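Q: Please take a close look at one topic, the salt bridges, and explain with care how they are placed in the chain.

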Amino acid sequence: MSLFLLLVVPSSVLSATLRSDIQALESIIRSIDPSSISPSSYLSTWDFSEDPCEGSGTFLGVMCSFTLENTTSRVTEIDLDDDGYDGFLSEAIGNLTELTVLSLDNNRFRGPIPETVFQLRKLTKLSLSGNFFTGDITPGITKLKELKTIDLSKNSIAGEIPPRISGLRSLTHLILSNNHIDGRIPALNGLWKLQVLELGNNHLFGMLPKLPTSLRTLSLCYNSLAGRISPLHRLKHLVSLDVSQNRFSGTIGHEILTFPEISRINVSFNQFISIEVIQVIGMETHLRILDAEGNHLQGPLPLNLATYGNLKDINLRSNMFSGDIPRIYGKRLENSWRSLYLENNYLTGTLPVEFQRISKQIRGSLSNNCLQCPKNVTICQGVQKPKSQCTNAMQEEGLK
């Protein structure tokens, strides 16, 4: 008899969503201002007269799976659209114990991230970017050992980065940029799978820590970090590097410029005094963009930049470069370079004739140097310093 009853029970009952999961979803939507839920949004489809995991076309942004027993469905992903939902993230989120993805990007969620989120031990992606979350990154996040992506960028999160975050061995993306995070960056070399680290636009200070050699993208811009960048020499898989708007000093080493896959380097607005540019003829390099504006780089312009075959855009303005512009720079502008910004240095002499033959549209500027710069050359627009100003500045530099 019991077997017969089992056979005639509708399949929709057998696979109904676990009641505690439904209650968690109900709590989530109750914590959001109804006036911020537009008729075209995902949340407008959450109709609890139907089963969240069984309804056809309902509960957009919710993914489910079945347990091994195939008796109840479980909510495994919440990935909401960016419709401007305004409210708080309910603590009931912690009851969705099968959740692997929580993505609420680009909305108006407020308040601290509930501690119950850190009960979601199967979570692989936590993405809350572009909201108004506050509070600290609590050590509880280090319990989520399955996490591959953490993106808390563009919020109002403060406090320090928990040192034990390096215990999240599966992490590939750690994105905490555009917050109010302060303190020192802890050693992160334990994150041996990490490919993307973005900590820009915070209040971090101190020296560079140990970083994982697996990194491909590193952004530390707009902080108060200081010291040398020589620890970066080990990051041979970097594709993009941005350490702009800090207080780094010393030399920009040739190792960084010749990383096998590096395509973009931004070291602008620091306190570097020199840049090592070695000749790379016969060596394949991928560097396309070099931005070193606003440092204290001195001496002649680096001649070997012309040997970087894929280089397109160069920004060396507002430094202390002196002497002539190499003729090879003109040849590169004729052929492969798209932009060259050299204004506000102490360059002197006559402009190479190649600059006057350039027929294609070139972005750049040579103003505020001591050059003999013909006005009919587009990038010569703007005033030049008196020659004595460049001479005096270089004499002062030579006495240091």
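**Salt bridges**

A: D21 and R74 are both buried, a term that stands for under 20% relative accessible area, while exposed means over 50% and partly exposed lies in between (1.4 Å probe, protein chains only). The model is predicted, so local features need a pLDDT of at least 70 and side-chain atom pairs count only at pLDDT 80 or more, whereas totals for chains, interfaces and linings use all residues. Residues are numbered from 1 along each chain as its sequence is written, and side-chain values use heavy atoms, with hydrogens and water left out.

There are 12 salt bridges in the structure, each being a side-chain nitrogen of Lys or Arg within 4 Å of a carboxyl oxygen of Asp or Glu. One of them joins the side chains of D21 and R74, at 2.9 Å from N to O. This pair links distant parts of the chain, since D21 is in helix α3 (residues 19-30) and R74 in strand β2 (residues 73-79), 53 residues apart; helices (H or I, at least four residues) and strands (E, at least two) are DSSP runs, numbered from the N terminus.

Another salt bridge pairs E343 with R317, whose closest N and O atoms are 2.9 Å apart. Because E343 lies in the loop between β24 (339-341) and β25 (346-350), and R317 in the loop between β22 (313-315) and β23 (320-323), this pair ties together parts that are 26 residues apart in sequence. E343 has a relative accessible area of 14%, so it counts as buried.
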